[in-house]
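Please look over the model below, first around the bound ligand and then at the cysteines.

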Amino acid sequence: MRVIVEPTADAATRRAAAFLARQLAKKPDSVLGLATGGTVVGIYQELIRLHREQGLDFSQTTSFNLDEYVGLPTTHEQSYRRFMQQHLFDHVNIPAERTHVPDGLATDFETSCARYEWEIGQAGGIDLQLLGIGRDGHIAFNEPGSSLGSRTRLKTLARETIRDNARFFGSEEAVPRLAVTMGVGTILDSRRCLLVAVGDSKAEAVAATVEGPVTAQVTASALQLHRDVVVILDEASAAQLRRKDYYAEVEEAQTLLESGQLAALGIASS
Ligand code: PGA
């Protein structure tokens with residue numbers, strides 16, 4: 001797990017957007033796993049800016065979103081399909097037919113969830129999965145107790161999540177009780193994961209994810225089992241990490257490696 005701590009939320013957001021942009025530059029037909037929520041709004045804004053000002057190209061990109069509320073029409077203000085249109089898809093050149101969000105209005109969820117998994121496979125699997133994290137340590141809507149091998153399925157939202165998301169709906173009662181979500185196992189199948197967290201409300205979940213034991217009680221901790229995870233934080237969300245100094249040293253070494261300053265790392269030149 002590579003842990004990058006930026007001084008501010010803005011800097012963390014820009015760094016995360018730069019990661020996504022680099023992925024698209026390297027592989028224009030990337031399959032991106034996308035997320036919703038307050039944390040990613042700024043990331044998408046930056047991607048839109050890069051699209052407009054620097055020609056960041058989404059024309060060959062395919063996307064799969066992590067989750068969707070059950071029972072909300074796609075036109076509903078708080079549906080994740082609507083969120084994605086509003087915050088990203090309507091502003092970049094991603095072909096509409098290549099954007100996928102789980103179907104929260106399905107009549108047969110077993111079939112529609114299996115189909116979502118199948119579609120991800122047909123697209124070649126997810127190259128880079130963007131992730132936020134809940135205060136209860138969830139990734140996507142994989143609430144505490146979710147199987148670490150789970151696949152896309154229906155999930156009951158935890159009370160804490162309902163309380164957190166009530167700010168978008170006006171009241172707790174208006175928040176749907178169920179969601180369709182990629183499973184932890186689905187997420188772990190991605191080639192690379194990028195987890196982004198900002199703000200002190202995430203500090204405990206971040207510490208449990210990065211430095212705690214792997215446990216279904218903190219589903220983000222399953223990322224410790226993945227071989228290519230980048231975690232981008234601001235100082236506030238990193239505040240409870242015990243090994244912050246070490247992560248900074250790793251980043252320093254990484255920068256030296258990338259810039260070819262091998263002697264500074266004791267690597268003999270050939
Ligand atoms: P947030 O949600 O970005 O709105 O904090 C993240 C999450 O719950 O996964």
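**The ligand site and the cysteines**

This is a predicted model, and a useful place to begin in it is the cysteine C193, which is buried, with a relative accessible area of 1%. C193 takes part in no disulfide, and the nearest cysteine sulfur to its own, that of C113, is 19 Å away. C113 in turn counts as buried, because its relative accessibility of 5% falls under the 20% limit that is used for that term. Across the whole structure the search finds 0 disulfides, and C113, with the sulfur of C193 as its nearest cysteine sulfur at 19 Å, is in none. A separation of 19 Å does not meet the requirement that the two sulfur atoms lie within 2.5 Å, so the pair is not counted as a disulfide.

From the cysteines we can turn to the ligand, whose surroundings are formed by G37, G38, T39, G132, I133, G134, H138, R167 and K202. By residue class, this shell comprises 6 polar, 2 charged and 1 nonpolar residues, and the space that the ligand takes up is the largest pocket.

Several of these neighbours place a polar atom beside an oxygen atom of the ligand. In K202 a polar side-chain atom lies 2.6 Å from a ligand oxygen, while in H138 a polar side-chain atom lies 2.7 Å from an oxygen atom of the ligand. G38 contributes through its backbone instead, with an N or O atom there lying 2.8 Å from a ligand oxygen. Of the 290 Å² of accessible area that the ligand has on its own, the protein covers 82%.

How values were computed. Residues are numbered from 1 along each chain as its sequence is written. This is a predicted model: local features need pLDDT of at least 70, side-chain atom pairs count only at pLDDT 80 or more; totals for chains, interfaces and linings use all residues. Side-chain values use heavy atoms; hydrogens and water are left out. Buried means under 20% relative accessible area, exposed over 50%, partly exposed in between (1.4 Å probe, protein chains only). A residue is near a molecule or strand if one of its heavy atoms lies within 4 Å of it. A polar contact is a pair of N or O atoms within 3.5 Å; within protein, one must be able to donate a hydrogen and the other to accept it, and residues adjacent in sequence count only if both atoms are side-chain atoms. Accessible areas come from the Shrake-Rupley method with a 1.4 Å probe; for residues, only the protein chains shown count as cover. On a 1 Å grid over the protein atoms alone, a cavity is a set of points where a 1.4 Å probe fits but cannot get out, and a pocket is an open set with protein on both sides within 12 Å along at least five of seven lines; lining residues have an atom within 4 Å of a point. A molecule sits in a cavity or pocket if more than half of its atoms lie within 2 Å of its grid points. Ala, Val, Leu, Ile, Met, Phe, Trp, Tyr, Cys and Pro count as nonpolar, Asp, Glu, Lys and Arg as charged, and the others, Gly among them, as polar.
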